[in-house]
Amino acid sequence: MARKGDAAASPYGEPRKFDPKFRGPIHNRYCTDVLCCVIFVVVILGYIALGIVAWVHGDPRKVAYPTDSYGQFCGQKDTPNENKTILFYFNILKCASPLVLINLQCPTTQLCVSKCPDRFATYIDMQSSYRYNKSYWEYYRQFCKPGFSKPWKSVAQVMRDEDCPSMIIPSRPFLKRCFPDFATKNGVLTVANQTTFKDGRGKTRNVTDLREAANGINNVLDARSVGMKIFEDYASSWYWILIGLFIAMVVSLLFLVLLRFIAGVLFWIFIFGVIGIIGYGIWHCYWEYHRLHGIPGSDLTIYDIGFQTDFRVYLQLRQTWLAFMILLCIVEVVIILMLIFLRNRIRIAIALLKEGSRAIGYIMSTLFYPIITFILIAICISYWAVTAVFLATSGEPVYKVMANQSLCKYANLTCYPETFNTTNVTKLCPGAQCTFAFYGGESLYHRYILVFQISNVFVFLWLVNFAIALGQCTLAGAFASYYWAFRKPADIPACPLFSSFGRAIRYHTGSLAFGSLILAIVQLIRVILEYLDHKLKGSQNVFAKFLLCCLKCCFWCLEKFLKFINRNAYIMIAIYGKNFCTSAREAFFLLMRNVVRVAVLDKVTDFLLFLGKILVAGGVGVLAFFFFTHRIPIFTQEAPSLNYYWVPLLTVIIGSYLVAHGFFSVYAMCVDTLFLCFCEDLERNDGSTAKPYYMSASLHRILGKKELSPKKLMG
């Protein structure tokens with residue numbers, strides 16, 4: 001039986017025993033999780049094969065070029081439509097909204113044209129003037145079907161066969177499609193300064209009949225105008241944006257170096273500032289409570305007045321300020337007690353932060369490793385996006401019968417243009433046409449397009465998580481080499497980052513792939529849940545919404561927990577070279593045996609790094625604001641003239657934050673690695689000559705003799 005207080009009595013495993021041969025990251029390793037490594041390689045080869053198949057069947061031109069009713073691309077080189085780059089709709093009134101025009105197919109004949117109409121005209125008017133003015137027909141015929149040259153054909157037959165549009169409307173091209181040239185004049189919707197137009201069927205209609213299309217189009221066109229101005233701003237300020245990001249990089253490096261000296265000062269200033277602010281809040285609540293004494297109605301209780309939409313009513317009650325004062329007093333007391341009882345652990349956390357800054361100073365190359373991770377993730381994103389586009393455009397042209405649905409039973413059925421004129425459809429449904437509808441197919445490949453898209457997303461998530469895992473394991477190995485160097489920096493091995501990267505790739509690809517696989521599965525489930533949530537937004541099923549919300553919350557928590565476990569498992573893999581499950585278990589038990597230290601270090605690190613990101617982004621942002629608004633006298637002439645100064649300003653602020661995040665993520669990994677090494681050091685060694693500590697002298701001084709007892713090891 002283990003005695004009470006014995007380390008072996010812990011439910012989180014037994015602390016490691018002293019190993020005189022252990023000198024940091026083990027170099028004599030073996031390949032771990034080989035089966036997962038093989039599966040990972042096979043999946044990558046399959047992913048490459050999927051990309052090749054998608055490339056063979058896909059055609060991105062279906063996205064780049066609009067398609068007419070005959071399945072031909074507008075503007076495609078070496079085709080009759082080479083100079084006809086814009087899609088024209090015979091009757092845009094049949095199109096419900098711009099989304100129908102862009103994503104689906106509008107139920108009207110669509111034709112490739114070289115330019116959009118610039119005037120109002122109808123087929124009836126053209127036919128009336130054809131006898132004495134053939135130029136009218138020459139203009140109108142460019143919007144008719146190719147080869148149609150019978151302007152004397154009756155209007156009824158032309159409309160039935162859809163040889164020409166019944167009307168044309170002044171339009172302008174957008175997204176390579178002709179949209180009516182909408183404008184607002186004195187609050188009235190107009191087209192070419194007119195509020196009415198002839199529909200070509202003997203009726204005069206109001207422009208407001210196009211309102212459904214106009215509402216969305218005007219917003220998009222306004223957005224295009226803004227987009228052009230934003231592009232101009234980027235074109236004239238990109239050089240200064242890069243300078244701002246370079247300054248952010250320098251400031252981030254400087255902050256990491258200074259943390260060795262100011263980590264403790266920043267933390268205690270913040271803590272005492274919070275205590276002071278809460279103390280002022282307590283005094284203010286007491287002052288308000290005393291001020292309201294004797295005022296009529298102030299002694300009423302919150303229960304007496306009930307619920308009020310105007311919350312200022314509650315501020316006129318003494319009971320409200322008394323409740324605030326009691327709550328703030330409780331918070332103040334809790335913070336002070338935590339500082340008293342956790343002061344040593346806070347000092348250890350600050351010392352580890354300083355040690356992290358010192359470690360990065362000795363292994364500066366680690367600061368630039370995120371560039372490799374960024375490149376790997378960029379490759380994954382690019383490959384996923386290209387594969388997704390090719391998969392989405394893998395279909396063959398599908399043609400549908402276009403006719404009056406109430407009079408023709410064949411409407412919307414699949415047809416074939418080559419044989420359509422020989423069928424009975426044209427006889428039973430006069431005016432019916434076999435027109436292009438969308439891209440699809442009935443083959444085995446086309447039936448599994450959705451499965452391929454899901455597979456594309458899943459492997460993408462797996463590869464991205466693997467790239468992140470590789471970076472974490474590589475950095476952990478480098479920083480562990482620093483910690484377990486008995487004489488720093490003399491005993492730090494040469495090229496620790498490169499050596500750690502080689503070990504991770506050579507021996508632990510399977511383990512990293514295993515951890516990434518688990519995380520990718522959870523993330524894929526979250527993506528599916530988000531998709532279902534989007535589909536159920538209009539649903540009235542309250543239970544389904546509640547269940548979906550619970551599942552989303554649970555899987556969000558699970559993802560956060562797995563990221564925490566994986567991160568520490570990769571650190572243990574980098575140190576000991578064991579498989580993923582063993583490393584994850586040992587890391588979890590080690591952290592649980594030091595759970596208080598984990599909580600303190602995590603919060604202290606998060607605060608200081610968040611403060612650093614805000615300082616970097618805010619400082620560079622303020623400098624950019626004064627520069628782009630011409631408020632720095634010596635740079636007034638150099639500052640570019642902009643349409644929107646906030647465009648480069650926001651880019652600099654967000655970019656600076658991301659640059660700082662990239663550098664500080666290395667620092668956070670450094671601190672986490674040093675912390676696990678520190679806990680291992682405490683369990684393996686006791687500071688004696690036979691079992692010396694590997695920790696720095698500053699950490700050793702903070703621990704003191706009391707911290708070396710077995711009970712303290714359970715901290």
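Mentor: Let's start with a definition: a charge sits over a ring if NZ of Lys or CZ of Arg is within 6 Å of the ring centre and within 35 degrees of the ring normal. Also keep in mind that this is a predicted model.

Trainee: Okay, using that definition, the charged end of which residue sits over the ring of Tyr 139?

Mentor: The ring centre of Tyr 139 is 3.7 Å from the charged end in question, and the cut-off is within 6 Å. That charged end belongs to Arg 119.

Trainee: And how far is the charged end of Arg 318 from the centre of the ring of Tyr 289?

Mentor: Here again a charged end sits over a ring, with Arg 318 supplying the charge and Tyr 289 the ring. The distance to the ring centre is 3.9 Å.

Trainee: Let's zoom out. How much of the chain counts as buried?

Mentor: Buried means under 20% relative accessible area. The chain is built from 21 helices and 13 strands, and it exposes about 38,400 Å², with carbon and sulfur atoms supplying 65% of that. Out of its 715 residues, the share that counts as buried is 43%.

Trainee: What share of the contacts with a separation of 6 or more comes from residues 24 or more positions apart?

Mentor: Take the contacts in the chain with a separation of 6 or more as your starting set. Within that set, residues 24 or more positions apart account for 72%.

Trainee: Now the surface. Is Trp 55 buried or exposed?

Mentor: Trp 55 lies in helix 1, which covers residues 34-57. With Val 41, Leu 45, Ile 48, Ile 52 and Val 56, Trp 55 forms a nonpolar surface patch of about 620 Å² accessible area together. The cut-off for exposed is over 50%. Trp 55 has 59% relative accessibility, so it counts as exposed.

Trainee: On to charges. Which residue does Arg 358 meet in a salt bridge?

Mentor: The structure holds 14 salt bridges, and in this one N and O are 2.6 Å apart. Both partners lie in helix 10 (residues 343-362), three residues apart, about one turn of the helix. Arg 358 is partly exposed at 25% relative accessible area, whereas its partner is buried at 2%. That partner is Glu 355.

Trainee: Which helix holds Asp 533, the partner of Lys 552?

Mentor: Lys 552 and Asp 533 form a salt bridge, their closest N and O atoms being 3.1 Å apart. This pair links distant parts of the chain, 19 residues apart, with Lys 552 in helix 17 (residues 542-576). Lys 552 is partly exposed at 23% relative accessibility, and Asp 533 is partly exposed too, at 25%. As for Asp 533, you'll find it in residues 496-535, that is, helix 16.

Trainee: Asp 672 and Arg 567 form a salt bridge; how far apart are the closest N and O atoms?

Mentor: The cut-off for a salt bridge is within 4 Å. Asp 672 counts as partly exposed, with 23% relative accessibility. Its closest N and O atoms with Arg 567 are apart by 2.7 Å.

Trainee: Which residues are linked with Arg 526 in a network of salt bridges?

Mentor: Arg 526 belongs to a network of salt bridges rather than standing by itself. The residues linked with Arg 526 are Glu 559 and Lys 563.

Trainee: Let's do rings. How many aromatic pairs are found, and what is the angle between the planes of Phe 40 and Phe 466?

Mentor: A search of the whole structure finds 30 aromatic pairs. Phe 40 and Phe 466 form a tilted pair, 4.7 Å centre to centre, with 35° between the planes. Phe 40 is in helix 1 and Phe 466 in helix 15 (residues 449-483), so the pair ties together parts 426 residues apart in sequence. To restate both values you asked for, they are 30 pairs and 35°.

Trainee: Are Phe 40 and Phe 466 buried or exposed?

Mentor: Buried needs a value under 20%. Phe 40 has a relative accessible area of 5% and Phe 466 has 11%, so both are buried.

Trainee: Why does the pair of Trp 384 and Phe 460 count as stacked?

Mentor: Stacked pairs have planes under 30 degrees apart. The ring centres of Trp 384 and Phe 460 are 5.1 Å apart. The pair is stacked because the planes are at 25°.

Key. Residues numbered from 1 in each chain as written. Predicted model: local features only at pLDDT ≥ 70, side-chain atom pairs only at ≥ 80, totals over all residues. Heavy atoms only, no water. Patch = residues over 30% accessible without salt bridge, like charges linked within 9 Å, V, L, I, M, F, W, Y side chains within 5 Å. Areas by Shrake-Rupley, 256 points an atom, 1.4 Å probe, with all protein chains shown as cover. Salt bridge = Lys/Arg side-chain N within 4 Å of Asp/Glu carboxyl O. Helix = DSSP H or I, 4+ residues; strand = E, 2+ residues; numbered from the N terminus. Buried < 20%, exposed > 50% of the residue type's maximum accessible area, 1.4 Å probe, protein only. Contact = heavy atoms within 4.5 Å. Phe/Tyr/Trp six-rings, centres within 6.5 Å; stacked < 30°, edge-to-face > 60°.
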